[in-house]
Amino acid sequence: NRDNNKILGSIGYMFFYCLNIEVLIKLSQLFKNIKLIGILYMIFVLGMFILLNKIKMVIKQDIT
C-alpha cells in the first residue's frame, strides 16, 4: 500500500509539473510583459492549490 502511494505521488507530481510548465509557456507566448505573466501564473498556482485542497478534503471525508 505504501509503495502504491509513492507511485501515485510520483505520477501526480509529474502531471502537475508538466501542467505548470505548459501554462507558463503559454502565458509567455501570449504576453510579453513579465509582470503580467508573473501575476497570472501566481493566480493559476493559487487556484490549483485551492482546487487540490478541496479535492483532498472531499477524499478525506469519504475515507473516514
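Helices here are DSSP runs of H or I with at least four residues, and they are numbered from the N terminus. With that in hand, I50 is easy to place: it sits in helix 2. Keep in mind as you look around that this is a predicted model.

Let's start with the overall picture. The protein chain comes out with 2 helices and 0 strands. Its radius of gyration is 15 Å, well over the 11 Å that the globule rule gives for 64 residues, so the chain is more spread out than a compact globule. You can see that in the box dimensions too: along its principal axes, the C-alpha trace spans about 45 × 20 × 10 Å. As for burial, just 6% of the 64 residues count as buried. The cut-off behind that figure is a relative accessible area under 20%.

Now for the two helices themselves. Helix 1 covers residues 2–30, and helix 2 takes in 34–63. Between helix 1 and helix 2 there's a loop, and K32 lies in it. K32 is exposed, with 74% relative accessible area. From there, jump to I63, which is 31 residues away along the chain: the C-alpha atoms of K32 and I63 are separated by 46 Å.

Back in helix 2, I50 is exposed as well, at 52% relative accessible area. That puts I50 in the exposed class because the class begins over 50%. If you want a feel for how I50 sits relative to Y13, the two are 37 residues apart along the chain, and their C-alpha atoms are separated by 16 Å.

Next, have a look at the aromatic rings. Searching the whole structure turns up 3 aromatic pairs. One of them is Y13 with Y17, a stacked pair with 6.3 Å from centre to centre and 15° between the planes. Why do these two count as stacked? Their planes are 15° apart, and planes under 30 degrees apart fall into the stacked class. The spacing in sequence is worth a glance too: Y13 and Y17 are 4 residues apart in helix 1, so about one helical turn separates them. Y13 is exposed at 62% relative accessible area, while Y17 counts as partly exposed at 47%.

Another of the pairs joins F15 and F16, and this one is edge-to-face, with 5.0 Å from centre to centre and 80° between the planes. Both partners are partly exposed: F15 has a relative accessible area of 49%, and F16 has 27%.

F16 turns up again in the largest pocket. What lines that pocket? The lining is made of L8, G12, F16, L52 and I59. Helix 1 and helix 2 are the elements that give two or more residues to this lining, and helix 1 gives the most, with 3 residues. The pocket's volume is about 220 Å³. Sorted by class, the lining has 4 nonpolar residues, 1 polar and no charged ones. The polar one is G12, because Gly is counted among the polar residues.

For charged side chains paired with each other, go to the other part of helix 1 where K26 is found. The structure has a count of 1 salt bridge. K26 makes it with E22, and the closest N and O atoms are 3.8 Å apart. That pair qualifies because the rule asks for a side-chain nitrogen of Lys or Arg within 4 Å of a carboxyl oxygen of Asp or Glu. As with the tyrosines, K26 and E22 are 4 residues apart in helix 1, which means about one helical turn lies between them. Both ends are partly exposed, K26 at 43% relative accessible area and E22 at 40%. One last distance for K26: K54 is 28 residues away in sequence and 26 Å away in space, C-alpha to C-alpha.

Technical notes:
Residues are numbered from 1 along each chain as its sequence is written. This is a predicted model: local features need pLDDT of at least 70, side-chain atom pairs count only at pLDDT 80 or more; totals for chains, interfaces and linings use all residues. Side-chain values use heavy atoms; hydrogens and water are left out. Buried means under 20% relative accessible area, exposed over 50%, partly exposed in between (1.4 Å probe, protein chains only). Rings of Phe, Tyr and Trp (its six-membered ring) pair if their centres lie within 6.5 Å; planes under 30 degrees apart count as stacked, over 60 as edge-to-face and the rest as tilted. On a 1 Å grid over the protein atoms alone, a cavity is a set of points where a 1.4 Å probe fits but cannot get out, and a pocket is an open set with protein on both sides within 12 Å along at least five of seven lines; lining residues have an atom within 4 Å of a point. Grid points are joined across faces, edges and corners, and a volume is the space filled by probe spheres set on the points. The radius of gyration is taken over C-alpha atoms; the globule rule is 2.2 Å times the number of residues to the power 0.38.
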